[in-house]
Amino acid sequence: MVDDGVRYELKTVKALRGTEGRSTAKWQKEGWELVDKSTGTLHTTLNFRKPKPPLPVRQIVIGAAAALVLAGIIGVGALLEGDGDGKDSRSADPTPVATEQPGSPSAPVATEQPGSPSAQITNITVDELLDRLNSAGMGGIKNGDQFRFTGELSGSDYWGTGASGEFTVYLTAKGGANDLMVFVDESDAAGWQDGTWVEMVVESGETTINGETTDGWLRAQSVTTVPGR
């Protein structure tokens with residue numbers, strides 16, 4: 001992006017609804033300027049920019065000269081290689097072709113055995129996972145990544161099946177200042193209430209709401225109620 005001769009670096013951050021202020025303050029503290037935001041059903045997309053440092057003129061000149069020298073070397077090398085290939089092709093001996101003899105043992109073929117290891121699961125806290133989801137590029141989280149954490153359920157008045165068509169629960173984050181939303185099987189939540197502690201393995205994936213498909217959503221793959229908490 002160019003504005004009055006200034007070159008900008010751009011950054012897009014996806015924040016859960018209700019956490020936009022904290023996310024904006026965090027990136028502004030690091031020198032980023034909020035350009036605009038787009039509010040969705042459950043996420044808000046924040047667009048930031050920051051001026052890039054000017055590129056020294058001397059560095060540009062040196063880089064251009066080095067590119068010209070490298071191009072010349074590559075061109076000469078290609079010509080020499082072309083001449084050499086013509087000579088070698090006339091004098092090269094024919095390459096022997098291996099043939100399979102009857103009765104010779106065949107090479108073993110690797111097959112996937114049942115019970116092969118599943119996707120790697122990363123142990124993490126609720127706060128750490130929320131921070132990664134709210135950071136630039138969702139902290140490198142990709143669809144299919146799995147995480148294991150133990151957390152306290154909260155906000156039961158807001159649990160239910162929403163626009164995504166999936167049953168949603170919330171876990172306390174940041175000492176109650178924020179929540180982490182997770183899609184679960186409704187039957188698993190039958191005995192849950194505010195203050196219930198659970199251990200979950202969740203997987204990051206996509207969901208579609210009002211015709212818009214986005215990623216960064218968490219679905220429970222397994223849940224266990226933790227007694228005595």
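**Cavities, cores and two strand residues**

Lys14, Leu16, His43, Leu133, Asn134, Met138, Met181, Gly216, Trp217 and Leu218 line the largest cavity. The model is a predicted one, and a search through the whole of it turns up two cavities of 30 Å³ or more. The largest of them holds about 90 Å³ of space. Three elements each bring at least two residues to its lining: strand E2 (6-16), helix H3 (126-134) and strand E11 (212-225). E11 is the top contributor here, with three residues. Sorted by class, the lining of the largest cavity comes out as six nonpolar, three polar and one charged residues.

The second largest cavity has a volume of about 30 Å³. Around it sit Arg22, Ser23, Lys26, Asp131, Asn134 and Ser135. Helix H1 (20-29) and H3 are the elements that give two or more residues to this lining, and H1 gives the most, with three. The class count for the second largest cavity reads no nonpolar, three polar and three charged residues. Asn134 turns up in the lining of both the largest cavity and the second largest one.

Stepping back to the chain as a whole, there are three helices and 11 strands. Read from the N terminus, the elements go β-β-α-β-β-α-β-α-β-β-β-β-β-β. The protein chain has 229 residues, and 27% of them count as buried. Its accessible surface adds up to about 14,900 Å², with 53% belonging to carbon and sulfur atoms. Among contacts with a separation of 6 or more, 58% are between residues 24 or more positions apart.

Next come the nonpolar cores. In soluble globular proteins, nonpolar side chains tend to be buried together. In this model the largest nonpolar core has 30 residues, and Leu129, Phe149, Val169, Leu180, Val182, Trp192 and Met200 are the ones with the most contacts inside it. At least two residues of this core come from each of H3, strand E6 (146-154), E8, strand E9 (178-184), strand E10 (197-209) and E11. Apart from this core lies another, made of six residues, including Val13, Ala15, Trp32 and Phe48. Back in the largest core, phenylalanine 149 gives a feel for the surroundings: leaving aside neighbours within four places in sequence, its contacts are Ile124, Thr125, Val126, Leu129, Leu171, Leu180, Val182, Val198, Glu199, Met200 and Val202.

Two further residues are worth a look. Tyrosine 170 belongs to strand E8 (residues 167-173). With neighbours within four places in sequence set aside, tyrosine 170 is in contact with Glu152, Leu153, Ser154, Gly155, Tyr158, Trp159, Asp179, Leu180 and Met181. One of these, Met181, is also part of the lining of the largest cavity, while Leu180 is one of the residues with the most contacts inside the largest nonpolar core. Phenylalanine 183 comes 13 residues away from tyrosine 170 along the chain, and the C-alpha atoms of the two are separated by 8.9 Å.

Threonine 12 lies in strand E2. Its relative accessible area is 46%, so threonine 12 is partly exposed, a label that covers values between 20% and 50%. Outside the neighbours within four places in sequence, threonine 12 is in contact with Thr45, Leu46, Asn47, Ala136 and Gly137. For asparagine 47, the C-alpha atom is separated from that of threonine 12 by 4.6 Å, although the two residues are 35 apart along the chain.

Definitions and conventions
Residues numbered from 1 in each chain as written. Predicted model: local features only at pLDDT ≥ 70, side-chain atom pairs only at ≥ 80, totals over all residues. Heavy atoms only, no water. Helix = DSSP H or I, 4+ residues; strand = E, 2+ residues; numbered from the N terminus. Contact = heavy atoms within 4.5 Å. 1 Å grid on protein atoms, 1.4 Å probe; cavity = no way out; pocket = protein on both sides within 12 Å on 5 of 7 lines; lining within 4 Å. Points joined across faces, edges and corners; volume = space filled by probe spheres on them. Nonpolar A, V, L, I, M, F, W, Y, C, P; charged D, E, K, R; others polar. Buried < 20%, exposed > 50% of the residue type's maximum accessible area, 1.4 Å probe, protein only. Areas by Shrake-Rupley, 256 points an atom, 1.4 Å probe, with all protein chains shown as cover. Core = buried A, V, L, I, M, F, W, Y, C linked by side-chain atoms within 4.5 Å.
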